[in-house]
Amino acid sequence: MNIYSKKRKWKIILFVSAIVIVAISLFYTNTLVNKIAQEERKKVKLWADAIQKKASLVKYTNELFEKIKKEERKKVELWAKGTKMLANPALQIDDLSFIFEVIKNNETVPVILADSKGTVIATRNIDSVLQSNADYLRQEIAIMNALQPPIEIEIYKGQKNYLYYRDSRLFNDLKIVLDDLIKSFISEVAINTASVPVIYTDSTRIQVVAFGNIDSAIVSDNAELQATIKSMEAQNKPIEIELSNNERYYIFYNDSFLLTQLKYYPYFQFLIIGLFLFIAYTLFSTARKAEQNQVWVGMAKETAHQLGTPLSSLLAWVEYLKLKGLDAETIHEIQNDVSRLETITERFSKIGSTPVLDLHNLEAVLSESVDYMKKRTSKNVLFEVKNNVSYDLQVKINKPLFEWVIENLCRNAVDAMDGKGSIYIEVSDQTQFVYIDISDTGKGMPNSKYKTVFEPGYTTKQRGWGLGLSLCKRIIENYHQGKIFVRSSEIGKGTTFRIVLAK
């Protein structure tokens, strides 16, 4: 198992471990959130039930209030009837005690008996200090007449008296208590202990009586208000109540803000964990690449330095052999190899430095690199360079480094074909970019290896270092701002690498 198989295995293990940790964390958090949500919903349900019961209590109080009002009306009517009977000449003496008892029993309802001209005949339950004040009595008659119509009493042959009355002090006190109770009820709805968003409307479900835990901007916007009411109604059935005069009101409510937060908390937690893992991975990846760059630069500089000393010595030995009169052809070949060593040293020295890019004829550079490889490769390997354009294609490159890439790709292709096959190089002009395709008839590779082959250390050779394609990628992408990738590959048929350079 090579280093990249181990790396992939550890990546899978770490990824699965991270998924398991996240899943356990989310499961536990979700369970905890659901429990809190259930408790919160119970609180809301208790609040809704309490509101329902209090509404029933207010309704019962109002009904009791209406009964008292009716009883007071009956009491006034009895008082009027008794007064009328007293004016009857045919009244028997035995009935007088009963009538006086009826009139006397009215100890709460203020009444004023007046004739048709408004002259006060009698009063009952009027302030003893003011009952002799004619102006006060006229004002009271006007007030009583405005509140409710007087009871008409026919005395004798068309002569009529009028009985004016108003609610008793007890009744008014009860009314104040009822009004306070209703106000308190509405206030409790709006400012609820469950902290739920609530809207209290009239029977039309449009006019808002009160609201709580809701942005006032929503209430002021009718369209948004109706949308909110519909949303609340969809989530919880509105509480229907009847407080007074058979008027119906509706209480719409929603889950509390805390409960809403708890619902989305697991997803928020997942997002935070994912973001943290992404940032951590990015930082570690950046640090790893920076470390690799330092290793590459250090290795290249050291290699160039180590080659420098023996190369200088070899140059001196070539000059010495010339003086000794050695065969000229032999000296020429030695000089070629020494020049090649100089080129290799220059290439290594440029790693880590900003290379100078110059305009070159691409076809000429490719032909030169291929010619060099032909001389050092078996005759069983056929090379072909095809330029799909009819003009000189000028591209900005660093010639020594670019030649190194072409040589590496060709050498890998020769190894993949076991020293027998064809290498085909095709150049295409795509307006803004130049495509260079290097194809071979070798063993090919699976799709899963398309990116792995460019990783440092990856190799299929027993004695390989796995640096060739990694170096090619670094030269093309880092120094030439281009792209290099496996365009296609088929097992047993061969592989095509593509280089993309900006014109």
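Let us start with two strands: strand S5 (residues 198-201) and strand S8 (residues 248-253) run antiparallel and are joined by 4 bridges. Helices (H or I, at least four residues) and strands (E, at least two) are DSSP runs, numbered from the N terminus, and two strands pair if DSSP finds at least two bridges between them. Before we go on, please keep in mind that this is a predicted model, where local features need pLDDT of at least 70 and side-chain atom pairs count only at pLDDT 80 or more, while totals for chains, interfaces and linings use all residues. Residues are numbered from 1 along each chain as its sequence is written, and side-chain values use heavy atoms, with hydrogens and water left out.

Within the S5 and S8 pair, you can find Val198 opposite Tyr253 of S8. Both strands belong to an open sheet of 4 strands with antiparallel pairing, in the order S6-S5-S8-S7. At its edges stand strand S6 (208-212) and strand S7 (239-242); each has a single partner strand, so one side of each is left without a neighbour in the sheet. On average, neighbouring strands here are turned by 15° against each other, direction ignored. Angles like this one come from axes, which are lines fitted to C-alpha atoms (for helices over the stretch in contact), and run from 0 to 180 degrees between N-to-C directions.

The sheet also has a helix packed on it: H6 (residues 222-235) touches S5, S6 and S8. The direction of H6 makes about 105° with that of S5. Contact, here and below, means heavy atoms within 4.5 Å.

Now look at the loop between S5 and S6, which is the place of Arg205. Most residues other than glycine have a negative phi. Arg205 is not a glycine, yet it has a positive phi of about 65°. With a relative accessibility of 26%, Arg205 counts as partly exposed; buried means under 20% relative accessible area, exposed over 50%, and partly exposed in between (1.4 Å probe, protein chains only).

Further along the chain, His360 has its place in strand S9 (residues 358-361). His360 counts as partly exposed too, at 22% relative accessibility. Leaving aside residues up to four places away in sequence, His360 touches Val365, Leu393, Gln394, Val395, Ile397 and Lys399. Although His360 and Asp392 are 32 residues apart along the chain, their C-alpha atoms are separated by 9.4 Å.

Two of those partners, Val365 and Lys399, lead us to a pair of helices. The axes of helix H9 (residues 362-375) and helix H10 (residues 399-416) come within 10 Å and cross at roughly 50°. That makes H9 oblique to H10, given that angles under 35 degrees count as roughly parallel, over 145 as roughly antiparallel, 65 to 115 as roughly perpendicular and the rest as oblique. The crossing of H9 and H10 is right-handed: a crossing is left-handed if the near helix is turned anticlockwise from the far one by less than a right angle, and right-handed if clockwise. H9 brings Leu362, Val365, Leu366, Glu368, Ser369, Tyr372 and Met373 to the contact, and H10 brings Lys399, Phe402, Glu403, Ile406, Glu407, Cys410 and Arg411. By class, the contact has 8 nonpolar, 1 polar and 5 charged residues. In this scheme Ala, Val, Leu, Ile, Met, Phe, Trp, Tyr, Cys and Pro count as nonpolar, Asp, Glu, Lys and Arg as charged, and the others, Gly among them, as polar.

Our last stop is a set of paired strands. Strand S10 (residues 381-387) runs parallel to S12, with 7 bridges joining them, and Asn387 stands opposite Val427 in S12. In turn, 8 bridges join strand S12 (residues 421-430) to S13, and these two run antiparallel. Gln430 has Phe433 of S13 as its bridge partner.

Between the strands of the S12 and S13 hairpin lie 2 residues, and Thr431 takes a positive phi near 65° there. At 65% relative accessibility, Thr431 counts as exposed. What about strand S13 (residues 433-440) itself? Here 6 of the 8 residues are buried, so S13 is largely enclosed by the rest of the structure. S13 also runs antiparallel to strand S15 (residues 494-502), with 7 bridges joining the two, and Ile438 stands opposite Phe497 in S15.
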